[in-house]
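This report accompanies a single model and is meant to be read with the sequence and the coordinates at hand.

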Amino acid sequence: MSRVVVTGKIPKPGLDILRRDGHEVVAWDSEDQQSREQLLEQVRGADALVTLLTEKVDAELLDAAGEQLKVVANVAVGYNNIDVDACSARGVVATNTPGVLTDATADIAMALILMSTRRLGEGERIIRSQTPWQWGMFYLLGSGLQHKTLGVVGLGGIGAATARRAKAFGMNIIYSSRSQAPRELESELGAHRVDMDTLLAESDVLSLHCPYSPSTHHLLSTEQFAAMKNTAHVVNTARGPVIDEAALVEALKSGEIAGAGLDVFEDEPAVHPGLLECENAVLLPHLGSATVETRTAMATLAADNVVAVLAGGEPPTPIR
Ligand code: GLV
Ligand code: GLV
């Protein structure tokens, strides 16, 4: 019998899979995160860890678990919280949950595109604050999406799903990516690959769908905002530190760009105080994958990964 430690609260169907497979399952049962000390204690003796993106899985945590540890299953597609090299060095398999949250996250990206370009957050705040208002020909005008250009940074599953939605709203699609997308995907989207300079210059909306890594740290900063149209909007459903938040605040305040829609933040859950002062920023508390269906699918995929590795097989979605 293997010991599976689930470090945060996850939907029950995930736990059911682990228990059905006959493992001893030790699960944190509160939506409040446990402290680092509690976590280091909880993982001791684990053969498998199921982790959330808010937990740092580094050498210290792996060593606290012990040499018997075989797998770390992150309940997220992003895995910048995991030191994958440290896992490999210890022979620990790391897995994530790609695919199952693609549509939910693309929905939020599209929602942010609409909220930012149509000034929906501003409108909502006006009504909620009981500020007097009335319909006006020139009142709270935004910009339309039809015939505008969406620039996608990272045309993976989520980037492509966002592009598909934007295309249905009448947008043209360009993208930058480490590699060329398959020809069928390009032709389905009518998308072509451009370099980052072209992407910045031509996008009316720029949407980030790249993983966070040292190479994408502050991918958008002062210089990039200056290279964008003054009418452009930036949307981030990827990871906060892909954007230099202080530079974004400057760009939003000076009119270097027109607006931003953010679901993730550089120092989450803290939000740069400057952003709170920007009417042209839409701010959401990391809701990309937050549907009942998606969170359930993420938990069961993570559990499937654990079960496969503990049985000596290949996990469905390994990180490398
Ligand atoms: C959510 O942000 C995820 O990476 O799954
Ligand atoms: C993410 O979910 C992906 O499929 O790329």
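The text below takes up confidence, annotated domains, ligand surroundings, two helices and a set of individual residues.

## Confidence and annotated spans

The model is a predicted one, and its protein part averages a pLDDT of 98, with 100% of the residues scoring at least 70. The scores for the model as a whole are ipTM 0.67 and pTM 0.96.

An unreviewed UniProt entry annotates residues 4–319 as "domain: D-isomer specific 2-hydroxyacid dehydrogenase catalytic". In the model that span is 38% helix and 14% strand, and its end C-alpha atoms lie 19 Å apart. The annotation "domain: D-isomer specific 2-hydroxyacid dehydrogenase NAD-binding", again from an unreviewed UniProt entry, covers residues 110–288. Over residues 110–288 the chain is 35% helix and 15% strand, with 11 Å between the end C-alpha atoms.

## Surroundings of the ligands

Ligand 1 is surrounded by Leu53, Ala76, Val77, Gly78, Leu101, Gly288 and Ser289; by class, this shell divides into four nonpolar and three polar residues, with no charged residue. Around ligand 2 stand Val77, Pro98, Gly99, Leu101, Thr102, Gly156, Gly157 and Ile158, a shell with four nonpolar, four polar and no charged residues. Val77 and Leu101 appear in both lists.

## Two helices with a buried face

Which residues of α1 are buried? They are Gly14, Leu15 and Leu18, and because these residues fall within an arc of 95 degrees when seen down the axis of α1, they line one face of the helix. An α-helix has 3.6 residues a turn, so residues three or four places apart point the same way. The cover over the buried residues of α1 includes β1, β2 (24–27) and α13 (292–310). After α1 comes Gly22, whose phi is positive, near 85 degrees.

Helix α11 (residues 245–254) has Glu245, Leu248, Ala251 and Leu252 as its buried residues. Down the axis of α11 the buried residues fall within an arc of 115 degrees, so they too line one face of the helix. They pack against α10 (222–227), β11 (259–262), α12 (273–276) and β12 (281–283). Just after α11, Gly255 takes a positive phi of about 80 degrees.

## Thr7 and its contacts

Thr7 is found in the loop between β1 (3–6) and α1 (12–20). Is this residue buried or exposed? Thr7 has 25 other C-beta atoms within 10 Å and is therefore buried, the cut-off for that class being 20 or more. Leaving aside residues up to four places away in sequence, Thr7 touches Trp28, Leu39, Gln42, Val43, Leu49, Val50, Thr51, Leu52 and Glu55. One of these contacts, Leu49, is 42 residues from Thr7 along the chain, yet the C-alpha atoms of the two are separated by 7.1 Å.

## Backbone features and burial of single residues

Two residues other than glycine have a positive phi in the description that follows: Arg119, at about 60 degrees, and Leu140, near 55 degrees. Arg119 is placed in the loop between α5 (102–117) and α6 (120–128), whereas Leu140 is in the loop between α6 and β6 (149–153). Arg119 is buried because 20 other C-beta atoms lie within 10 Å, while Leu140, with 13 C-beta neighbours inside 10 Å, counts as partly exposed.

The peptide bond from Glu268 to Pro269 is cis, with omega near 0 degrees, and Pro269 is found in the loop between β11 and α12.

Asp85 lies in helix α4 (residues 84–89) and is exposed, because 11 other C-beta atoms lie within 10 Å, where the exposed class takes in residues with 12 or fewer. The C-alpha atoms of Asp85 and Ala59, which are 26 residues apart along the chain, are separated by 9.3 Å.

The neighbour counts for these residues are set out in the table.

| Residue | Other C-beta atoms within 10 Å | Class |
|---|---|---|
| Thr7 | 25 atoms | buried |
| Arg119 | 20 atoms | buried |
| Leu140 | 13 atoms | partly exposed |
| Asp85 | 11 atoms | exposed |

Notes:
Residues are numbered from 1 along each chain as its sequence is written. Chains are lettered from A and ligands numbered from 1 in the order in which they are written. This is a predicted model: local features need pLDDT of at least 70, side-chain atom pairs count only at pLDDT 80 or more; totals for chains, interfaces and linings use all residues. pLDDT is the predictor's confidence in each residue, from 0 to 100. A residue is near a molecule or strand if its C-beta atom, placed from the backbone, lies within 6 Å of it. Ala, Val, Leu, Ile, Met, Phe, Trp, Tyr, Cys and Pro count as nonpolar, Asp, Glu, Lys and Arg as charged, and the others, Gly among them, as polar. UniProt positions are given in the numbering used here, feature names are shortened, and annotations may be inferred rather than shown by experiment. Helices (H or I, at least four residues) and strands (E, at least two) are DSSP runs, numbered from the N terminus. The arc is that of the directions from the helix axis to the C-beta atoms. Two residues are in contact if their C-beta atoms, placed from the backbone, lie within 7 Å.
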